[in-house]
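User: I am new to this structure and would like to learn how to read it. Where should I begin?

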Amino acid sequence: MKPDENALLRDLASPTFKVGERRGRWAVLGVKFPLAMFFVAAPVRLGGPTGFLLRSDCSGYPATAPNSQLWHGRNNQPLPDEHRPKNKQGATMVAFAMWGACLYHPIDRLARDHWPGQHQDLCWTADKTIVFLLETVHGILDSTDYAGARLPAEALELPPEFVARHAVTAA
Amino acid sequence: MNEHIEIVAERLAVVFAVEGQPGHHDVDVGSGTTVKEFIDIVVSKTGIEGLLEVYVEDAEEPLHHDLVLIEHLSIEFAPLHVAKLGKIETTVRYQGSRHVEREFRPAATIDKVTKWAVKQLAPTEDPSDFQLKHDGKVLPPDSHLGQAAHGQKAIVLDLVFKVKPQG
């Protein structure tokens, strides 16, 4: 096993990660390294989902920031814009906008250079763990800015490659 | 109780945080492990020193050392906190010119402190739109105040809106 995969699995098994799981903030659904599939819970909104799938590419972890996207499980593709979290004005929340194959947020490997010299405390650093990413995404959803989403149930289905690995990850 | 279906847990995994240290730990304890024995385990596992107390998360009083630990765990998931004696004098600053002060137990969650501070300093706002920073770093809402205070019994925090980077 390579060091980055070993480091990710170590952090997924840590008590700190499990605290977030036990509180219902997030869950790891499977790992097919370098990809990991998470469920991130969303606050209750009328007609809104219980949460979203987040697919993260963790190659180079933890020295390199993960690259993450909201995911449609059954289609096994990035979540279409119409299903993404909306703000109170009905627009897609900025962090989840269809800007690129990433979160539009400084924590993401692909997006961080979009805010040069800004938001240093939001950026990934090599001393961070996967908990920092999940706290960040959960914290974005857990605000009054999040108004809900029209997410079909199949979007929360787990893609087959992660189902096959689930038992290994959960052990 | 029907003794034929009674199940006795011999060991139980307990999650805890330690004053001054980031992250959480876990350890298996026995059904008869006392709070004092649990402290001894924590000392050997984490290296924390001094006269120590054990709290259930957000509890106002520590557990007496003679108590059997698992008989006093919360039904809801609530990590324990191990800390030196005493409360933490907490100052929360807001918008540069205002601040409030109060003592909290080290087992208080940052979420609890945030809600208190918002109620005092911005009562018309929703606490979910705020976060607390210490030395410029955002504190996770599920972490304990004692973890952020680096073993000290006083701390100054800043209440800020959650930053939403725009394009």
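**Reading a helix, then the cores and contacts**

Analyst: Begin with one helix of this predicted model. The buried residues of H1(B) are Val35(B), Phe38(B) and Val42(B).

User: How many residues does helix H1 of chain B have, and how far does the helix reach?

Analyst: Helix H1 of chain B covers residues 35–46, which is 12 residues. From its first C-alpha to its last the helix reaches 16 Å, close to the 16 Å expected at 1.5 Å a residue.

User: Why do the buried residues of H1(B) line one face of the helix?

Analyst: The general idea comes first. An α-helix has 3.6 residues a turn, so residues three or four places apart point the same way. In this case, the buried residues of H1(B) fall within an arc of 55 degrees when seen down the axis, so they line one face.

User: Which exposed residues are on the face of H1(B) turned away from the buried side?

Analyst: That face carries Asp40(B) and Ser44(B), both exposed. As for the buried residues of H1(B), their cover includes strand S1 (11–18), S2, S3 and S4 of chain B. Just after the helix, Gly47(B) has a positive phi of about 85 degrees.

User: How do I read a nonpolar core?

Analyst: In soluble globular proteins, nonpolar side chains tend to be buried together. Here the largest nonpolar core has 45 residues, and Phe38(A), Val40(A), Leu53(A), Leu54(A) and Leu134(A) have the most contacts inside it. Among the elements of chain A that give two or more residues to this core are helix H1 (3–12), strand S3 (51–57) and helix H3 (130–141). H3(A) gives the most, with 8 residues. A second, separate core of 34 residues includes Phe16(B), Val42(B), Val92(B) and Leu132(B).

User: Which residues are in contact with Leu53(A), leaving aside its neighbours within four places in sequence?

Analyst: They are Met37(A), Phe39(A), Leu70(A), Trp71(A), Gly73(A), Ala155(A) and Leu156(A).

User: How many residues of chain B are in contact with chain A?

Analyst: In chain B, 21 residues are in contact with 19 residues of chain A. On the chain B side, the elements giving two or more residues are strand S2 (25–30) and strand S8 (137–138). The residues of that side divide into 7 nonpolar, 7 polar and 7 charged.

User: Into which domains is chain B divided?

Analyst: Chain B is divided into domain 1 (11–84) and domain 2 (88–161). Their centres, taken over C-alpha atoms, are separated by 23 Å. The contact takes 13 residues from domain 1 and 11 residues from domain 2.

Notes: Residues are numbered from 1 along each chain as its sequence is written. Chains are lettered from A and ligands numbered from 1 in the order in which they are written. This is a predicted model: local features need pLDDT of at least 70, side-chain atom pairs count only at pLDDT 80 or more; totals for chains, interfaces and linings use all residues. A nonpolar core is a set of buried Ala, Val, Leu, Ile, Met, Phe, Trp, Tyr and Cys residues joined through C-beta atoms within 7 Å. A residue is buried if 20 or more other C-beta atoms lie within 10 Å of its own, exposed if 12 or fewer, and partly exposed in between; C-beta atoms are placed from the backbone. Helices (H or I, at least four residues) and strands (E, at least two) are DSSP runs, numbered from the N terminus. Two residues are in contact if their C-beta atoms, placed from the backbone, lie within 7 Å. Ala, Val, Leu, Ile, Met, Phe, Trp, Tyr, Cys and Pro count as nonpolar, Asp, Glu, Lys and Arg as charged, and the others, Gly among them, as polar. Domain bounds come from an automatic or database domain assignment. The expected span of a helix is 1.5 Å times one less than its number of residues. The arc is that of the directions from the helix axis to the C-beta atoms.
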